[in-house]
Number of protein chains: 2
Amino acid sequence: MRLSRYFLPVLKETPSEAQIASHRLMLRAGMIKQATAGIYSWLPLGFKILRKLENIVHEEQVRAGHIPMLMPTLQSADLWRESGRYDDYGAEMLRITDRHGRDMLYGPTNEELITDIFRSHVGSYKDLPLTLYHIQWKFRDEVRPRFGVMRGREFFMKDGYNFDLTKEDALHAYNRHMVSYLRTYERMGLQAIPMRADSGPIGGDDTHEFLVLAETGESEVFYDSAITDLSLGERAVDYNSWDDCAAIVKEWTTPYARTDETHDEALFNAIPEARRKTSRGIEVGQIFYFGTKYSDAMGATVQGPDGKSTPVHMGSHGIGVSRLVGAIIEASHDDKGIIWPEGVTPYHAGIVNVKQGDAEADAACEAIYASLNALGLEPLYDDRDERAGGKFATMDLIGLPWRITVGPRGLKNGVVELACRRTGESEELPPEQAIEKLALAYAGHVLRPSL
Amino acid sequence: MRLSRYFLPVLKETPSEAQIASHRLMLRAGMIKQATAGIYSWLPLGFKILRKLENIVHEEQVRAGHIPMLMPTLQSADLWRESGRYDDYGAEMLRITDRHGRDMLYGPTNEELITDIFRSHVGSYKDLPLTLYHIQWKFRDEVRPRFGVMRGREFFMKDGYNFDLTKEDALHAYNRHMVSYLRTYERMGLQAIPMRADSGPIGGDDTHEFLVLAETGESEVFYDSAITDLSLGERAVDYNSWDDCAAIVKEWTTPYARTDETHDEALFNAIPEARRKTSRGIEVGQIFYFGTKYSDAMGATVQGPDGKSTPVHMGSHGIGVSRLVGAIIEASHDDKGIIWPEGVTPYHAGIVNVKQGDAEADAACEAIYASLNALGLEPLYDDRDERAGGKFATMDLIGLPWRITVGPRGLKNGVVELACRRTGESEELPPEQAIEKLALAYAGHVLRPSL
């Protein structure tokens with residue numbers, strides 16, 4: 001993409017309404033614009049990242065054997081009356097009346113709708129196990145929306161639902177979700193720690209939240225530093241193997257890691273002191289096994305192998321996709337701007353032409369631009385007639401991991417500058433070598449265009 | 001995908017509420033399920049097609065130089081009061097009050113919101129031309145929703161907006177949109193004819209609808225059959241060239257083609273009788289140049305080259321993405337079911353194992369499944385323990401363009417059967433040759449997975 005043809009409305013001033021880094025930087029980098037309280041338009045750069053995260057979530061869910069579909073944003077109140085949640089849900093549920101006076105709502109979650117689909121179409125244990133998911137806009141009428149997309153009202157979320165014959169089957173689905181979530185976050189360059197969450201009315205060890213460590217997190221977290229050494233890396237995972245999934249879950253849930261809601265001082269103090277860590281965390285996902293709560297209430301049963309009708313065991317599993325954009329920025333920025341991890345960066349490299357209009361510099365930039373595109377990399381070429389200082393500041397602000405700087409002085413010596421946004425290090429080298437280095441930096445990443 | 005692990009709830013009975021083929025077939029093929037009046041869940045097969053169409057629209061818009069972004073589903077009423085449309089819009093606008101009593105609405109379209117974004121961030125003619133678009137869910141509170149996704153309440157639509165300094169620039173944007181739309185529909189295997197639409201309050205030759213010919217269409221259409229011979233084919237188009245785009249627009253708008261709204265009997269009768277055609281059509285898109293209507297009302301101006309402030313010339317351009325799923329089916333089905341064009345088919349080929357459990361048949365199916373996947377094709381393998389007749393009926397119903405049938409009898413002679421859904425023709429040939437034929441059939445199609 002050429003910046004002269006793009007729409008990247010960066011702001012010079014820090015918007016006064018933004019209290020946290022991600023909100024401030026998303027506004028300044030021209031990623032979002034508030035449409036009304038807690039509701040945002042995703043400007044081109046922001047949308048590109050959102051779509052990239054959506055694709056990563058899809059890819060990892062499909063890899064785990066989960067089946068994508070799409071439920072609508074608006075729902076009828078009837079199903080929620082059936083489950084009993086229409087009255088239980090408070091003012092955060094946006095209630096709507098249509099032209100015929102029918103009660104509707106903007107879905108904050110989809111247990112009722114998916115259970116209705118299941119009971120309408122599935123009748124036999126032979127159709128199990130089944131996990132359906134979707135990624136859709138949801139609404140929560142927050143009384144005081146704040147922190148940009150971190151706590152907005154209209155938000156984009158993946159929610160998935162498993163249907164299983166037995167509790168044991170459902171617990172494998174739970175484990176499978178945990179593993180797929182760990183992979184998802186790792187691909188995004190995030191370390192999200194599964195923490196035992198408040199188990200709610202069902203009880204048992206049946207829900208974990210995933211938290212990204214960040215000073216601005218909404219929760220206080222307590223953990224054994226051993227957990228931050230864990231990584232799936234290139235490990236092959238067989239999602240059909242109960243043992244494989246259970247082993248990974250055990251590895252990640254053995255070190256102590258809890259939020260203030262479930263914190264146990266005695267257990268925490270049993271950790272060697274050097275490994276005892278307190279921090280803040282941002283919730284970016286949650287998995288939940290809730291048994292037959294909805295299948296009982298809504299009559300979602302299957303005929304088992306013994307011919308008897310039995311309610312299915314279910315769980316809900318969510319990843320906050322729009323929130324993740326903010327969480328990644330909270331976890332990865334400096335005072336100059338955002339620093340995108342290579343797995344999610346909207347463009348793979350910036351090209352800064354320090355002397356636009358200089359025939360040699362223009363030609364060198366065009367050649368680099370074409371070479372990167374030919375490799376399947378997406379460069380963002382700042383081809384505007386602007387001062388070099390402003391171009392550098394924009395690149396630092398929007399946080400592309402790599403920048404190639406091209407100017408007449410370097411070209412005389414046959415070199416361009418390749419700079420790494422994260423380390424700040426740069427080196428001068430011939431254009432071909434800079435391109436090779438970039439290809440190497442992105443080896444192993446999925447390079448298909450995000451759109 | 002293996003059917004034993006998929007969620008494809010086909011219906012044997014024809015649902016009584018469905019009056020037209022696409023609605024009936026989408027329900028029967030397990031593509032959609034009604035959530036409530038005019039609002040649908042997209043089951044896995046339906047969602048896969050919807051996503052594929054969405055990707056095609058994105059690809060063709062980006063190719064034309066238009067920039068993707070995403071506006072929210074809910075909007076504040078304030079902007080609509082500014083444009084004057086809050087009161088003008090009737091009961092089809094879904095009006096919502098949030099917990100603080102603020103007036104909101106579920107966006108039926110986005111002229112106000114995009115104009116607000118533009119005026120907030122763009123101030124100079126140097127930032128033009130600019131075309132922004134998004135693909136988002138919209139809502140229209142139809143008094144009597146019907147025909148499934150063809151006339152639903154919650155619908156998925158691409159809407160794009162061009163901002164230009166002069167009327168001439170804006171008319172190039174108009175032409176560029178027409179060309180990109182023609183390409184989009186062609187990739188989907190559709191012939192959508194641009195027809196002069198009702199020009200509304202602005203007047204002039206400034207809006208065209210795109211109609212797909214189908215008996216169940218909502219509009220009566222009159223056209224010169226010469227237009228159905230036109231095709232872009234492999235033509236290279238330079239979207240930056242005013243002449244290129246204008247020439248294509250001229251080619252497509254010269255033959256008479258109008259809906260009943262703009263029909264001119266005298267002009268129609270001037271066509272040689274053999275070429276005079278009357279039919280019905282489904283609207284799948286519309287482009288519209290409306291000048292400074294919104295930029296005047298909302299103060300969206302730029303500083304021109306002369307330093308003077310001038311309102312920008314705008315247009316809106318829409319493609320009904322969810323509606324297209326129905327339109328394609330209306331245009332392409334028979335009494336056995338859907339017939340997907342190769343450019344949009346959810347899976348490239350079906351594999352039917354007529355004797356599941358037979359070691360040789362199972363092995364041959366697995367080998368074909370692996371080979372197709374390795375080629376980047378997505379097969380749907382019916383590996384269920386069902387009668388062959390039922391498997392054939394399901395494949396015919398869901399309409400994959402090609403089916404490979406594998407059975408012990410053929411394998412004894414070293415052959416499988418390759419059948420074409422559209423022609424009904426089939427031939428027996430060795431598995432390797434069947435795979436080669438499929439690869440050839442999809443040569444030139446974008447083969448990346450739709451998810």
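I take a residue as buried under 20% relative accessible area, as exposed over 50%, and as partly exposed in between. The model I am reading is a predicted one, and my entries below follow the order in which I looked things up.

**Entry 1: Phe147 in both chains**

I began with A:Phe147, which at 25% relative accessibility counts as partly exposed, because that value falls between the cut-offs of 20% and 50%. I found A:Phe147 in the loop between strand 7 and strand 8 (154–164) of chain A, and I noted that its phi is positive, about 60°, although the residue is not a glycine. I then turned to B:Phe147, which sits in the loop between strand 7 and strand 8 (154–164) of chain B and has a positive phi near 60°, again in a residue other than glycine. With a relative accessible area of 26%, B:Phe147 is partly exposed. I marked these phi values for a reason that holds in general: most residues other than glycine have a negative phi.

**Entry 2: peptide bonds before Pro129**

Next I went through the peptide bonds, bearing in mind that most of them are trans. In chain A, I found a cis bond joining A:Leu128 and A:Pro129, with omega about 0°, and I placed A:Pro129 in the loop between helix 5 (111–121) and strand 7 (130–139) of that chain. In chain B, a cis bond joins B:Leu128 and B:Pro129, with omega about -5°, and B:Pro129 lies in the loop between helix 5 and strand 7 (130–139) of chain B.

**Entry 3: B:Asn110**

Is B:Asn110 buried or exposed? I read a relative accessible area of 2% for B:Asn110, so this residue is buried. Its place is in the loop between strand 6 (103–106) and helix 5 (111–121) of chain B. Leaving aside residues up to four places away in sequence, I listed the contacts of B:Asn110 as B:Met71, B:Pro72, B:Gln75, B:His134, B:Lys138, B:Asp159 and B:Tyr161.

**Entry 4: helix 1 against helix 10 in chain B**

I looked at how helix 1 (residues 21–28) of chain B packs with helix 10 (residues 321–331) of chain B, and I noted an angle of about 105° with the axes 8 Å apart. Helix 1 of chain B is therefore roughly perpendicular to helix 10 of chain B. On the helix 1 side I noted B:Ala21, B:Ser22, B:Leu25 and B:Met26, which meet B:Val325, B:Gly326, B:Ile329 and B:Glu330 in helix 10. Sorted by class, this contact of helix 1 with helix 10 in chain B has five nonpolar, two polar and one charged residues.

**Entry 5: cysteines**

How many disulfides does the structure hold over all chains? I counted zero disulfides over all chains. A:Cys420 is in no disulfide, and the nearest cysteine sulfur, that of A:Cys365, is 20 Å away; A:Cys420 is buried, with a relative accessible area of 15%. For B:Cys420, also in no disulfide, the nearest cysteine sulfur is that of B:Cys365, 20 Å away, and B:Cys420 is buried at a relative accessible area of 15%.

**Entry 6: the relation of the two chains**

Finally, I superposed chain A on chain B, which takes a rotation of 180° with 0.0 Å of shift along its axis and gives an RMSD of 0.0 Å. I therefore entered the relation as that of a two-fold axis. In chain A, the C-alpha nearest the axis is that of A:Ile96, 3.0 Å from it. The same surface serves both copies, as 100% of the contact residues of chain A recur in chain B.

Notes. Residues are numbered from 1 along each chain as its sequence is written. Chains are lettered from A and ligands numbered from 1 in the order in which they are written. This is a predicted model: local features need pLDDT of at least 70, side-chain atom pairs count only at pLDDT 80 or more; totals for chains, interfaces and linings use all residues. Side-chain values use heavy atoms; hydrogens and water are left out. Helices (H or I, at least four residues) and strands (E, at least two) are DSSP runs, numbered from the N terminus. Buried means under 20% relative accessible area, exposed over 50%, partly exposed in between (1.4 Å probe, protein chains only). Contact means heavy atoms within 4.5 Å. Copies are superposed by least squares on the C-alpha atoms of residues with pLDDT of at least 70 in both. A disulfide is a pair of cysteine sulfur atoms within 2.5 Å. Axes are lines fitted to C-alpha atoms, for helices over the stretch in contact, and angles run from 0 to 180 degrees between N-to-C directions. Angles under 35 degrees count as roughly parallel, over 145 as roughly antiparallel, 65 to 115 as roughly perpendicular and the rest as oblique. Ala, Val, Leu, Ile, Met, Phe, Trp, Tyr, Cys and Pro count as nonpolar, Asp, Glu, Lys and Arg as charged, and the others, Gly among them, as polar.
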